[in-house]
Amino acid sequence: MTTLHEEQPLLRAVTAAGDAALAVEVLELRARNEQLEQALESRAVIDQAPGMVMVLAPCSSEQSWGLLVDVSQHCNVKLRDVAAALVATTKGQELPEAIRCEWRGALWRLRALERR
């Protein structure tokens with residue numbers, strides 16, 4: 001992430017040239033670029049998690065996605081963080097307590113729907 005300190009030389013150069021609008025646009029583009037980089041990094045983890053869910057909870061692709069969303073919403077944790085926590089279990093990390101409890105609840109709700 002670029003800090004304001006790192007942006008200052010650019011801001012000084014652009015404002016010295018008298019184009020404050022250009023400085024604002026550059027800062028906005030850099031912020032958007034950082035957001036896209038973060039999204040790309042998160043995407044790999046988000047793509048792995050549904051496959052893990054399908055193996056762990058024997059369910060369809062659609063159901064696995066629904067389980068991840070359900071846990072995310074009930075924990076009030078971003079989906080990418082739920083996915084990252086799940087993927088981290090492959091490296092020996094435990095699921096955080098809140099996610100583990102909601103995971104059980106989401107599985108129970110899924111199985112209850114299947115019994116109807």
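**Exercise 1. A serine side chain and a backbone oxygen**

Task: In this predicted model, find which backbone oxygen lies 2.4 Å from a polar atom of the serine 72 side chain, and describe the setting of serine 72.

Solution:
- Start with the partner: the backbone oxygen belongs to valine 77, and a polar atom of the serine 72 side chain lies 2.4 Å from this oxygen.
- Next, place the residue. Serine 72 sits in helix α3.
- Now check its accessibility. Serine 72 counts as buried because its relative accessibility is 11%, and the cut-off for buried is under 20%.
- Finally, list the neighbours. Leaving aside residues within four places in sequence, serine 72 is in contact with Val77, Lys78, Leu79 and Val82.

**Exercise 2. The helix that carries serine 72**

Task: Work out which residues of α3 are buried and which elements they pack against.

Solution:
- Begin with the length: α3 has 15 residues, and its first and last C-alpha atoms are 21 Å apart, close to the 21 Å expected at 1.5 Å a residue.
- Pick out the buried positions, which are Ser64, Leu67, Leu68, Asp70, Val71, Ser72 and Cys75.
- To read such a list, recall that an α-helix has 3.6 residues a turn, so residues three or four places apart point the same way.
- Then look at the partners: the buried residues of α3 pack against α2, α4 and α5.

**Exercise 3. Just past the end of α3**

Task: Find what is notable about the phi of asparagine 76, and decide whether this residue is buried or exposed.

Solution:
- Locate the residue first: asparagine 76 is in the loop between α3 and α4, just after α3.
- Read its backbone angle. Phi is positive, about 60°, although asparagine 76 is not a glycine.
- For background, most residues other than glycine have a negative phi.
- Last, check the surface. Asparagine 76 counts as exposed because its relative accessibility is 72%, and the cut-off for exposed is over 50%.

**Exercise 4. Do the cysteines pair up?**

Task: Explain why cysteine 75 and cysteine 101 are not bonded to each other.

Solution:
- Take the distance: the closest cysteine sulfur to that of cysteine 75 is in cysteine 101, 8.3 Å away.
- Turn the search around. Starting from cysteine 101, the closest cysteine sulfur is that of cysteine 75, so this gap too is too far for a bond.
- Compare with the cut-off, since a disulfide needs the two sulfur atoms within 2.5 Å.
- Widen the view: a search of the whole structure finds 0 disulfides.
- Add the surroundings of each residue. Cysteine 75 is buried at 15% relative accessibility, whereas cysteine 101 is partly exposed at 36%.

**Exercise 5. The last helix in the chain**

Task: Describe the span of α5, its buried residues and the contacts of two of them, Ile99 and Leu110.

Solution:
- Test the span: the 19 residues of α5 should cover 27 Å at 1.5 Å a residue, and the end C-alpha atoms are 27 Å apart, so the two values agree.
- List what is buried: Ile99, Trp103, Gly105, Ala106, Leu110 and Ala112.
- Ask what covers them. The cover includes α2, α3 and α4.
- Follow Ile99, which touches Val71, Cys75, Val82 and Ala85 when residues up to four places away in sequence are not counted.
- Follow Leu110, which is buried, with a relative accessible area of 11%. On the same terms of counting, Leu110 touches Cys59, Gln63 and Leu67.
- Note the sequence gap: leucine 110 and cysteine 59 are 51 residues apart along the chain, yet their C-alpha atoms are separated by 9.3 Å.

**Exercise 6. Putting the chain together**

Task: Identify which residues touch the most other members of the largest nonpolar core, and which element gives the core its largest share.

Solution:
- Set out the elements: the chain has 5 helices and 0 strands.
- Name the best-connected members. In this core of 21 residues, Val53, Leu67, Leu68, Val71 and Ile99 touch the most other members.
- Trace where the core comes from. Two or more residues are given by each of α2 (20–56), α3 (61–75), α4 (79–88) and α5 (97–115), and α4 supplies the largest share, 6 residues.
- As background, nonpolar side chains tend to be buried together in soluble globular proteins.
- Step back to the whole chain: 28% of its 116 residues are buried.
- Look at the contacts with a separation of 6 or more: residues 24 or more positions apart account for 50% of them.
- Finish at the surface, where the chain exposes about 8,000 Å², with 57% supplied by carbon and sulfur atoms.

Terms used: Residues numbered from 1 in each chain as written. Predicted model: local features only at pLDDT ≥ 70, side-chain atom pairs only at ≥ 80, totals over all residues. Heavy atoms only, no water. Helix = DSSP H or I, 4+ residues; strand = E, 2+ residues; numbered from the N terminus. Buried < 20%, exposed > 50% of the residue type's maximum accessible area, 1.4 Å probe, protein only. Contact = heavy atoms within 4.5 Å. Areas by Shrake-Rupley, 256 points an atom, 1.4 Å probe, with all protein chains shown as cover. Core = buried A, V, L, I, M, F, W, Y, C linked by side-chain atoms within 4.5 Å. Polar contact = N/O pair within 3.5 Å; in protein donor to acceptor, adjacent residues only side chain to side chain. Expected span 1.5 Å × (residues − 1).
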